[in-house]
Amino acid sequence: MADDADSTERTVNGSIDVLTHSVKQIREPVDTSATCDGDSDTAEAGDDEPTEADDSDDRDAPAARSAAPGMKLALVIGLACILALGAVGVWLGYGAYQVRQTDELLNRFLAVGKQGALNLTTIDYAEADADVQRILDSSTGRFHDDFSQRAPALVDVVKKAQSKTQGSITEAGVESVSGDTARVIVAVAVDTSNAGSADQTPRHWRMVIDVRKLGDTVKVSNVGFVP
C-alpha cells in the first residue's frame, strides 16, 4: 500500500511539472525561441543599428540644409553690392557729366565775351558795314537794340575819318555766373589810326561784358567800361 501511494504521488507530481512547463512555454515564447532563432534576432538587431553610411548621411543633411540659407544670403549680399557699386558709378558718372557741362558753358561764356570785346574794338572803315553787322549778329537784348540805332551814324563817322581800330585781348575771365547768364571782364589794348595822321599810342580798356545763353547760342547782352 505504501508503495502504491508513493507511486501515485510521483505520478501526480510529474503531471504537475509537465503542466507547469507547458504554461511557461505559452507565457514566455521568447525564452523558448531564443535558442532556435538567436541568429535571426542578431541579424534583426544588426539591421536596426545605423551603418557608417547612414551616419554620414545624417551628418551631411543638416549641413546641406544649413548651407542653403547661407548661399542665399551670400547671393543677396553680392547682388546688393553690385547694385550699390552700379549706383555709385552712375552717380559719379553723372557728376562728371555735370562738371564737363559746366566747364563747357564757362568756356563758351568766356569765348563769347572775348569775341564781343574784339568785335567792338576792331572796325575798319573799308569794311565798316560788315564789322558793325557782326556786332549786331552777336548781340541780343537792349544792347542789340541800342547799338542798331547808333550803327548808321557810327559807320558814317568811321568811313569819313577813314579810321581803323584793332583790338587785342590782354586778359579775360568770367567774373560771375547766374543760370544762363554770365559777366566777363576783358582787358583790351586798342591800336587806332586815321587817314593823314600818325598811328596813335595803343589805348587800354577794361570792358564788362554780360553774355546770355539763348538755346544753343550765347550772345552779348550788355557792355560797359571800367577804369
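This is a selection-by-selection tour of a predicted model.

**Whole chain**

Start with all residues selected and coloured by pLDDT. The chain averages a pLDDT of 77, and 67% of the residues score at least 70. Now select residues 11-16: pLDDT stays under 50 there, and the model has zero contacts beyond four places in sequence for this stretch. Then select residues 18-47, where pLDDT also stays under 50; for these residues the model has two contacts beyond four places in sequence. Where pLDDT is low, the predicted coordinates should not be read in detail. Both stretches can be hidden for the rest of the tour.

Switch to a cartoon. The chain holds six helices and five strands, arranged along the sequence as α-α-α-α-β-α-α-β-β-β-β. With a surface on display, the accessible area comes to about 16,000 Å², and carbon and sulfur atoms own 56% of it. Of the 227 residues, 19% are buried. Among contacts with a separation of 6 or more, 54% join residues 24 or more positions apart.

**The sheet**

Select the five strands. They form an open sheet in the order S1-S2-S3-S4-S5, with antiparallel pairing. Which strands stand at the edges? They are S1 (123-124) and S5 (217-226); each has a single partner strand, so one side of each lacks a neighbour in the sheet.

Walk across from the S1 edge. S1 and S2 run antiparallel and are joined by two bridges. Isoleucine 123 has threonine 165 of S2 as its bridge partner. Keep threonine 165 selected and look towards S3: threonine 192 is its bridge partner there. S2 and S3 pair in the antiparallel sense over 13 bridges.

Next come S3 (residues 181-193) and S4 (residues 203-214), joined by 10 bridges and running antiparallel. For a marker on this pairing, select arginine 183 and its bridge partner in S4, aspartate 210. The walk ends at S5, which nine bridges join to S4, again antiparallel. Here arginine 206 has valine 226 of S5 as its bridge partner.

**The S2-S3 turn**

Select residues 179 and 180. The hairpin of S2 and S3 has two residues between the strands, and glycine 179 takes a positive phi near 65 degrees. Aspartate 180 lies in the loop between S2 (164-178) and S3. Is aspartate 180 buried, partly exposed or exposed? At 43% relative accessibility, aspartate 180 counts as partly exposed. Beyond four places in sequence, aspartate 180 is in contact with Phe109, Val211, Arg212 and Lys213. Measure to one of these in the viewer: the C-alpha atoms of aspartate 180 and arginine 212 are 5.8 Å apart, with 32 residues of separation in sequence.

**The S4-S5 turn and an aromatic pair**

Move to glycine 215, in the hairpin of S4 and S5. This hairpin has two residues between the strands, and glycine 215 has a positive phi near 65 degrees.

Now show the aromatic side chains. The structure holds two aromatic pairs. One of them is tryptophan 205 with phenylalanine 225, an edge-to-face pair at 5.6 Å centre to centre and 85 degrees between the planes. Tryptophan 205 is in S4 and phenylalanine 225 in S5, so the pair ties together parts 20 residues apart in sequence. Tryptophan 205 counts as partly exposed at 28% relative accessibility, while phenylalanine 225, at 53%, counts as exposed.

**Helix H6 and what follows it**

Select residues 141-161, which are helix H6. H6 lies across S1 and S5, running at about 70 degrees to S5. Step on to glutamine 162, in the loop between H6 and S2. Its phi is near 45 degrees, a positive value in a residue other than glycine. Most residues other than glycine have a negative phi. Glutamine 162 counts as partly exposed, at 37% relative accessibility.

Last, select serine 193, in strand S3. Why does serine 193 count as buried? Its relative accessibility is 19%, and the cut-off for buried is under 20%. Leaving aside neighbours within four places in sequence, serine 193 is in contact with Gln162, Ser163, Lys164 and Asp199. The contact with Gln162 leads back to the previous stop.

Technical notes
Residues numbered from 1 in each chain as written. Predicted model: local features only at pLDDT ≥ 70, side-chain atom pairs only at ≥ 80, totals over all residues. Heavy atoms only, no water. pLDDT = per-residue confidence, 0-100. Contact = heavy atoms within 4.5 Å. Helix = DSSP H or I, 4+ residues; strand = E, 2+ residues; numbered from the N terminus. Buried < 20%, exposed > 50% of the residue type's maximum accessible area, 1.4 Å probe, protein only. Areas by Shrake-Rupley, 256 points an atom, 1.4 Å probe, with all protein chains shown as cover. Pairing = 2+ DSSP bridges. Axes fitted to C-alpha atoms, helices over the stretch in contact; angles between N-to-C directions. Phe/Tyr/Trp six-rings, centres within 6.5 Å; stacked < 30°, edge-to-face > 60°.
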